[in-house]
Amino acid sequence: MTNSTETDSPLASRALNLLDCGVIVVDANHEIMVWNAWLAPRSGRSAARVRKQSLFDVFPTLRGSRVEAAVLAALADNTATAIPLSDNRTPFPLRQAGSFDGAPIDQSVAVTPFDEDGERYCLIEIRDISGAMDRERRLLDHAESLRARSYVDGLTGIANRRYFDVAIDRELRRAQRHDRELSLLLIDIDSFKAYNDHFGHQQGDTCLTAVAQALAGQLKRPADVAARYGGEEFAAILPDTTAEQARGVANAIREHVASLGIPHAPAAGRPCVTLSIGVASFSKERLNETAVLIEAADKALYAAKHNGRNLVVVDGEG
Ligand SMILES: Nc1nc2c(ncn2[C@@H]2O[C@H](COP(=O)(O)OP(=O)(O)OP(=O)(O)O)[C@@H](O)[C@H]2O)c(=O)[nH]1
């Protein structure tokens, strides 16, 4: 019988115990023959304690796991296995050295059969990949937060144009696939140039933010999207909403913003900040592409401006 302190060569034994990974050798009966020093502080078990014990008695949680299957395959069929990382990342109940109540160590495990003196053995190598996993998790978190930020308009805090482009394409395809309704609002602040000229660009930004927040607050369904389309123009994507329902939503937004009573510039010719809104709705025959739907909403918005502002115009009217 061989264990980490009783190998034939003291030099080999010393090297085995210096390895920065766990090394276990089991015989054909799954009994532990080698258990190197790396394992003791991480498992709470010394080589002397586990010697000649079944690997699956020492680690009962291995039963039914990929590691058990790999060990059995190694001993029966001489098959070597590297356990995929997508599987359980903590197959052995090991913790950081000296911290038995700490987080389990993420592991990569390789299982290799070999024959010695006519007997079959199985070498199990366990590597601590917690550092790499931590780095991967941090990178994923970072990528996720970058992606989230890249979809948010920096000034107003609602979705930006990039998000709008993705969302309108997605919703149009969904409406086509499932034969559903979809409406689009294009929303523009009336005479905003006059506002900026009178109050200054900074207060203009404050006004844009207030309007954006008012718009977002009026959209009640989780699937609705409020986005800054560009400059002083906003958009609302309303899935499962007919043109008539969208007209209702648009009027509610328009009335709500007017009711905020944000004082306008004298040159605007109106006491408070108001909105003009163009509405267009998906139809299989006519408005069945993103660009065409946006163009129709834009034409309706233009008609609302032309007809005096502070108005909602639905595609086909005006
Ligand atoms: N403060 C501020 N102003 C912006 C921003 N983006 C666009 N604008 C201003 O919005 C104004 C838009 O003016 P116009 O396109 O002439 O339209 P308008 O004065 O709103 O007139 P109508 O749309 O016809 O009612 C311009 O003065 C732009 O400078 C922004 O991010 N911040």
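This section describes the fold, the two sheets, a helix pair and the ligand shell of a predicted model.

The protein contains 11 helices and 10 strands. It has 318 residues, of which 34% count as buried. Among contacts in the protein with a separation of 6 or more, 57% are between residues 24 or more positions apart.

One open sheet is built from five strands in the order β2-β1-β5-β4-β3. Pairing in this sheet is antiparallel. The edges are taken by β2 (32–35) and β3. Each of these has a single partner strand, so one side of each is left without a neighbour in the sheet. Strand β1 (residues 22–27) pairs with β5 over six bridges, in the antiparallel sense. Here G22 has I126 of β5 as its bridge partner. I126 also stands opposite V109. Strand β4 (residues 107–116) and strand β5 (residues 119–128) are joined by 10 bridges, again in the antiparallel sense. On its other pairing, β4 meets strand β3 (residues 81–82) over two antiparallel bridges. In that pair, T81 is matched with V111 of β4.

The hairpin of β4 and β5 has two residues between the strands. D117 lies in this loop. Its phi is near 50°, a positive value in a residue other than glycine. D117 has 5 C-beta neighbours inside 10 Å and therefore counts as exposed. Helix α5 (residues 66–77) lies across β1, β3, β4 and β5. The helix runs at about 15° to β4.

A second open sheet also has five strands, in the order β7-β8-β6-β9-β10. Pairing in this sheet is mixed. The edge strands are β7 (225–230) and β10 (312–314). Both have a single partner strand, so one side of each lacks a neighbour in the sheet. From one strand to the next, the twist averages 20°. Strand β9 (residues 275–281) and β10 run parallel and are joined by three bridges. Within this pair, V279 has V314 of β10 as its bridge partner.

Helix α11 (residues 290–306) lies across β6 (182–189), β9 and β10. Its direction is at about 145° to β9. The loop between α11 and β10 holds N310. Phi of N310 is near 50°, a positive value in a residue other than glycine. N310 has 19 other C-beta atoms within 10 Å and is partly exposed. A residue needs 20 or more such atoms to count as buried.

Helices α8 and α9 pack at an angle of about 135°. Their axes are 7 Å apart. The angle makes α8 oblique to α9. On the α8 side, the contact involves Y195, N196 and F199. These residues meet H201, Q203, G204 and C207 in α9. By class, the contact has three nonpolar and four polar residues, and no charged residues.

The ligand is surrounded by 17 residues. The closest are F192, K193, G204, G231 and E232. Three elements give two or more residues to the shell: β6, α8 (192–199) and α9 (201–218). G204 thus appears in two settings. It is one of the closest residues to the ligand, and it is one of the α9 residues that meet α8. Strand β6 likewise has two roles, contributing to the shell and lying under the span of α11. The shell holds seven charged residues, together with five polar and five nonpolar ones. Charged residues are thus present around the ligand, whereas the contact of α8 with α9 has none.

How values were computed: Residues numbered from 1 in each chain as written. Predicted model: local features only at pLDDT ≥ 70, side-chain atom pairs only at ≥ 80, totals over all residues. Pairing = 2+ DSSP bridges. Helix = DSSP H or I, 4+ residues; strand = E, 2+ residues; numbered from the N terminus. Axes fitted to C-alpha atoms, helices over the stretch in contact; angles between N-to-C directions. Contact = placed C-beta atoms within 7 Å. Near = placed C-beta within 6 Å. Nonpolar A, V, L, I, M, F, W, Y, C, P; charged D, E, K, R; others polar. Buried ≥ 20, exposed ≤ 12 C-beta atoms within 10 Å, placed from the backbone. Parallel < 35°, antiparallel > 145°, perpendicular 65-115°, else oblique.
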